[in-house]
Amino acid sequence: MASPVRTICVLWWMLAGCALAAATDPGKTAIEFLEKVRAGTINLEPGGDTALTEHTSDSKREQISRRLKRMVMDLGSEPLEVGATRLDGDLAAVLVRKSGSYDPSRNQIFPVAMVKRGETWAAAPVPASFENTGFGYATAQRERRAALQNWMLREQVLQLAVLREQSLAKMRQIIEASLPLSTLSKLGSLQTSERFLTACEQHKLPEILALLGGHANPLPDDWSRRITAAESAVSSLETHPQWRLLMANDVLRAIVHDEEDDSQALVSVACLDASSSDAQKNGPRIELVHLELSKSPGGLWRIDLPENFYNPRFAEIEGEEEEIHDSELLDAFPAKLAKLYPPVPEATAEAAFERLRERLQAQELVNLVRMIRPESDGESARKNLLTATRLWQSIHDPAGGQHVIPLVNRIADGKATAIWQFFSPRDPDRLKLVTISIEQSPAGWLWVPNVQEPSSDDESAWIDEQTTHWQENWRTPLFAESVMLEDLPDDGAPEENQARAVVEAWLQAIAKSDLVAALRLTARLKLPDSQTTVLRNLGYEMAGSPRSSKPAAITGVHSGKIWTAVAVSTFQDDKPALPLYPVVSTPSGPRILAEVDLFASQIRSREFLNKNALTRLDAFPPAVADELREMLKRHQSKTD
């Protein structure tokens, strides 16, 4: 049998709907008032955002302001909606509901008193009160105010009980739809943990809540805390290092240990995060996350989060006192990871080197892990994994990534060694040769990242010889398809559509950081420093591309007899950059002369650089540089 209170509340809700339909204006104004309170933009001056009377003292106004500021935390970020409105002539009482959270305890009812002046409704500045509105003090008027104020306070309590009950029922429905109770009841502690990890990886909040105890009746005592932590983690991982280990897409993780008794269990998860700021600063490492589980009286396993999932600083504090050095669990991680992502050997050494290069430069670390040769020794396997991750990390460092340039390889007796140059756009002159080793197994060729020494004297001698050779010649393979210019045609500038196509392809290669594709579109002069200059200019553009706030766009084309110059608009850190790309005809088709970098700018330093770039054409007849100089002036005049 329904309780009298619930019956009254249900009838009240039905009547409230009719009242709301008849008078939406005070309700809308009440929500606008609360939204301004929430945003901290409420104007408490007389005639501002409230019905505050001009006779209110400064001290009283400051008291009201402090009270409204205290409401901000209760208002939270959930949506507001009108629950009910009661009208009495030029007075009204509005109850505004805050719902939408998975936590019923965070639902609120906000009573707002409303005063009508002419055709306009305004909210009283004090919640649930007509105080300081200047409304008359005659007996009849006081009785009207008191009746509405009493109604607000009484119905606030009744509505809040109904709202929280409805919210709890809705929460359980959402959780049930995500992970049915019948399914959860069949899961053991390990399966529950696996399901929790999957839900975290996929950011499925309802399923996470189910595994945190959302099916329990009654709910866990700290349910509000569990919901808050999970909701916050799903919305932002950056301030929650422990949640990041379980949720971030670029973290590799695997369960390395589990144990349970009748009512409790412990699961240890090893996590490799190569993309966090700490990993970039200190190098990658494998971290352990220990999850405790408990069984409810109904027989359901649930995750009981460690304290550092609630308090991000707790991990730092505890780490100073109880740092975990569980080498056995850490050494078990590579083998567990290999079961999740089995190695995929290549049939030939050449194919393995090419696949390895592709996967080093790809965004997904997991595919690179599939190239690593399994090790029977856990410590060696862990070193292989960390070395591979460190190499991948150097390529994808947001502060300045690198590009793999294969130079030479050697295949002998089931082992192959390659020497690669790691090119950095931020430091295009830097030499960084890396030796890569792969080995053959019955299944095919796989990578051995942590090779410390050559396997033979022959290999050692070969590495020394090749290192010496490539120190001076590592740029040569990059420029294999770049056209060397010894002269320029007097009358054979590329057509406009051809020049546009070349520059568009160049801009796409820059945006993708495709070094080889960009160089394929270049021509270069027969000067000792041409290769270095091209790489430096290219490196500047590739390093700036990730900071572009808008896509690069062609803004014009200047045609001449020798050159067709293409004007482009780009932005770096919201600052405009206006390059002019000189395109010239070559036996292989139109190409960009990237070492002559020109920009539209009246800054004296840029004028000097433009002038200096044009001096690279001094070996040609004066008309060559003069025509390009004139195009630059036209480009500058159109951008002034």
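## Sheet β5-β6-β7-β8

Ala 270 has Leu 288 as its bridge partner in β7. This pair belongs to a predicted model, in which β6 and strand β7 (residues 286-295) pair in the antiparallel sense over nine bridges. On the β5 side, Ala 270 of β6 is the bridge partner of Ala 254. Strand β5 covers residues 251-260 and strand β6 covers residues 264-273; their pairing is antiparallel, over nine bridges. Three residues lie between β5 and β6, and the two strands form a hairpin.

These strands are part of an open sheet of four, in the order β5-β6-β7-β8, with antiparallel pairing. The edges are taken by β5 and β8 (301-304); each has a single partner strand, so one side of each is left without a neighbour in the sheet. On average, and with direction ignored, neighbouring strands of this sheet are turned by 30° against each other.

## Helix α12 on the sheet

Helix α12 (residues 327-340) lies across three strands, β5, β6 and β7. The direction of α12 is at about 110° to that of β5.

## Cysteines

How many disulfides does a search of the whole structure find? The search returns zero. For Cys 200, the closest cysteine sulfur is that of Cys 271, and the separation of 10 Å is too far for a bond. The same holds from the side of Cys 271, whose closest cysteine sulfur is in Cys 200, 10 Å away. A disulfide would require the two sulfur atoms to be within 2.5 Å.

Are these two cysteines buried or exposed? Cys 200 is buried, with a relative accessible area of 0%. Cys 271 also counts as buried, at 0% relative accessibility.

## Helices α4 and α7

Helix α4 (residues 139-178) and helix α7 (residues 205-214) have axes that come within 8 Å and cross at roughly 105°. The crossing angle makes α4 roughly perpendicular to α7, because angles of 65 to 115 degrees fall in that class.

Which residues of the two helices meet? From α4 they are Met 171, Arg 172, Ile 174, Ile 175 and Ser 178, and from α7 they are Pro 206, Glu 207, Leu 209, Ala 210 and Gly 214. By class, this contact of α4 with α7 has six nonpolar, two polar and two charged residues.

## Sheet β9-β10-β11-β12

Another open sheet has four strands in the order β9-β10-β11-β12, and the pairing is antiparallel. Its edge strands are β9 (403-412) and β12 (444-447), each of which pairs on one side only. From one strand to the next, the twist averages 25°.

Within this sheet, strand β10 (residues 415-423) and strand β11 (residues 433-441) pair in the antiparallel sense over seven bridges. Lys 415 has Glu 439 as its bridge partner in β11.

## Asn 473

Asn 473 is found in helix α16, which spans residues 457-473. Asn 473 is partly exposed, with a relative accessible area of 27%; this value lies between the limits of 20% for buried and 50% for exposed.

How far apart are Asn 473 and Leu 407 in sequence and in space? They are 66 residues apart in sequence, and their C-alpha atoms are 9.4 Å apart in space.

Definitions and conventions
Residues are numbered from 1 along each chain as its sequence is written. This is a predicted model: local features need pLDDT of at least 70, side-chain atom pairs count only at pLDDT 80 or more; totals for chains, interfaces and linings use all residues. Side-chain values use heavy atoms; hydrogens and water are left out. Axes are lines fitted to C-alpha atoms, for helices over the stretch in contact, and angles run from 0 to 180 degrees between N-to-C directions. Angles under 35 degrees count as roughly parallel, over 145 as roughly antiparallel, 65 to 115 as roughly perpendicular and the rest as oblique. Contact means heavy atoms within 4.5 Å. Ala, Val, Leu, Ile, Met, Phe, Trp, Tyr, Cys and Pro count as nonpolar, Asp, Glu, Lys and Arg as charged, and the others, Gly among them, as polar. Two strands pair if DSSP finds at least two bridges between them. Buried means under 20% relative accessible area, exposed over 50%, partly exposed in between (1.4 Å probe, protein chains only).
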